[in-house]
Amino acid sequence: MKRLALSVLAAAILAGGAPAQAQDMSHTEKLSLQPKRVKGLLLGYGYDLGEYSGQVKAMNKQTRALGMFSSDYAKTNFTVSSPRLKAPMNVSCEGGQNRFGFSWIDFKRNDLAYVCNFEGGPPDASFALVLSDGKFMDKLYQPQRAAEIRYGGVTLRAKTRKMPGSMPLGGGSTMSYVILKGDQEVGGMVRTPFKGTVYLPVQGSPDRDAAAAMALALFFFTDPGAQTR
């Protein structure tokens, strides 16, 4: 099925169709997000993203039962340190998606839901990610997701969208997001097998911390992309 989707996508691109793409990110700061080993940390890893740094621990659980039931669950804890935080902020995220089905009928699955709580951050800080819908080409390129973060009086949204520098063909997983404030594109995140590229509002922007928290939550989430709409 994945090979078929890729073939259809490639044919559509050659015919002139393509997934919707975010606009030029030249007004943002382009940063690399690359996991790194931390001495003494056995069940996680560290990261650096510009002036932000921290550690990550993640747990994923999958259940499959003879094609009748599938369940994907993810739990992630990560810390964020930056010059604007008095102490490291602890972020705890969890959620997943279930699916029921038999050979003669396909039951509607539960919607994907993934939420994060912030300890040591702004009092209003929260994050949620859910399934979304999209155009045919967008859905072929990658599973469609939507997220919202509230952080320090700033509200930002994120949508799965092809970003500059992302791979030309999707592979059944979420690959890139654009981050928006209202209708304005203020940042984004591109995922590759071993690292990520993050576009943040420039230094001094009141939206920078919220966009960084959004990008980190999106990057560290192990998305059950095979269960697409």
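This passage describes the fold, the nonpolar cores and the salt bridges of a predicted model.

The chain is built from 3 helices and 13 strands. Of its 229 residues, 44% count as buried, and the surface that the chain exposes amounts to about 12,300 Å², of which carbon and sulfur atoms supply 57%. When contacts with a separation of 6 or more are considered, residues 24 or more positions apart account for 54% of them.

Among the strands, β11, which comprises residues 176-181, is mostly covered, with 5 of its 6 residues buried. Strand β11 is paired with strand β10 (residues 154-160), to which 4 bridges join it in an antiparallel arrangement, and within this pairing Arg-157 stands opposite Leu-180 of β11. Strand β11 is also joined to strand β12 (residues 184-191), here by 6 bridges and again with the two strands running antiparallel; in β12, Met-189 is the bridge partner of Tyr-177. The strands β11 and β12 form a hairpin with 2 residues between them, and Gly-182, which lies in the turn, has a positive phi of about 65°.

The largest nonpolar core of the model contains 45 residues, and those with the most contacts inside it are Phe-78, Phe-118 and Phe-127. Helix α3, spanning residues 208-220, gives the most to this core, contributing 11 residues. Apart from this core lies another, of 6 residues, which includes Met-25, Met-163, Leu-180 and Tyr-199; Leu-180 is thus both a member of this second core and the residue of β11 that stands opposite Arg-157. The surroundings of Phe-78 can be described in further detail: with its neighbours within four places in sequence left aside, Phe-78 is in contact with Tyr-47, Gln-55, Val-56, Met-89, Asn-90, Val-91 and Cys-93, and also with Leu-216, Ala-217 and Phe-220.

Helix α3 itself merits separate description. For its 13 residues, a rise of 1.5 Å a residue leads to an expected span of 18 Å, and the end C-alpha atoms of α3 are 18 Å apart, which agrees with that expectation. Because 13 of the 13 residues of α3 are buried, this helix is largely enclosed by the rest of the structure.

Side chains of opposite charge can pair when their charged atoms come close. The structure holds 8 salt bridges, among them one between Glu-29 and Arg-208, whose closest N and O atoms are 2.9 Å apart. Since Glu-29 lies in strand β1 (residues 29-36) and Arg-208 in helix α3, this pair ties together parts that are 179 residues apart in sequence. Glu-29 is partly exposed, with a relative accessible area of 27%, whereas Arg-208 counts as buried at 1% relative accessibility. With its neighbours within four places in sequence left aside, Arg-208 is in contact with Glu-29, Leu-31, Glu-51, Tyr-52 and Arg-84, as well as with Leu-200, Pro-201, Val-202 and Gln-203.

A further salt bridge is formed by the side chains of Asp-48 and Lys-36, with an N to O distance of 2.8 Å. Asp-48 lies in strand β2 (residues 45-49) and Lys-36 in strand β1, so this pair ties together parts that are 12 residues apart in sequence. Both residues are partly exposed, the relative accessible area being 34% for Asp-48 and 38% for Lys-36.

Glu-51 forms a salt bridge with Arg-84, in which the closest N and O atoms are 2.8 Å apart. In this case the partners lie in loops, Glu-51 in the one between β2 and β3 (52-65) and Arg-84 in the one between β4 (69-80) and β5 (89-102), so that the pair ties together parts that are 33 residues apart in sequence. Glu-51 is buried, with a relative accessible area of 18%, which falls under the 20% limit for that class, while Arg-84 is partly exposed, with a relative accessible area of 45%. Through salt bridges that share partners, Glu-29, Glu-51, Arg-84, Arg-208 and Asp-209 are joined into one network.

Conventions:
Residues are numbered from 1 along each chain as its sequence is written. This is a predicted model: local features need pLDDT of at least 70, side-chain atom pairs count only at pLDDT 80 or more; totals for chains, interfaces and linings use all residues. Side-chain values use heavy atoms; hydrogens and water are left out. Buried means under 20% relative accessible area, exposed over 50%, partly exposed in between (1.4 Å probe, protein chains only). Two strands pair if DSSP finds at least two bridges between them. A nonpolar core is a set of buried Ala, Val, Leu, Ile, Met, Phe, Trp, Tyr and Cys residues joined through side-chain atoms within 4.5 Å. Contact means heavy atoms within 4.5 Å. The expected span of a helix is 1.5 Å times one less than its number of residues. A salt bridge is a side-chain nitrogen of Lys or Arg within 4 Å of a carboxyl oxygen of Asp or Glu. Accessible areas come from the Shrake-Rupley method with a 1.4 Å probe; for residues, only the protein chains shown count as cover.
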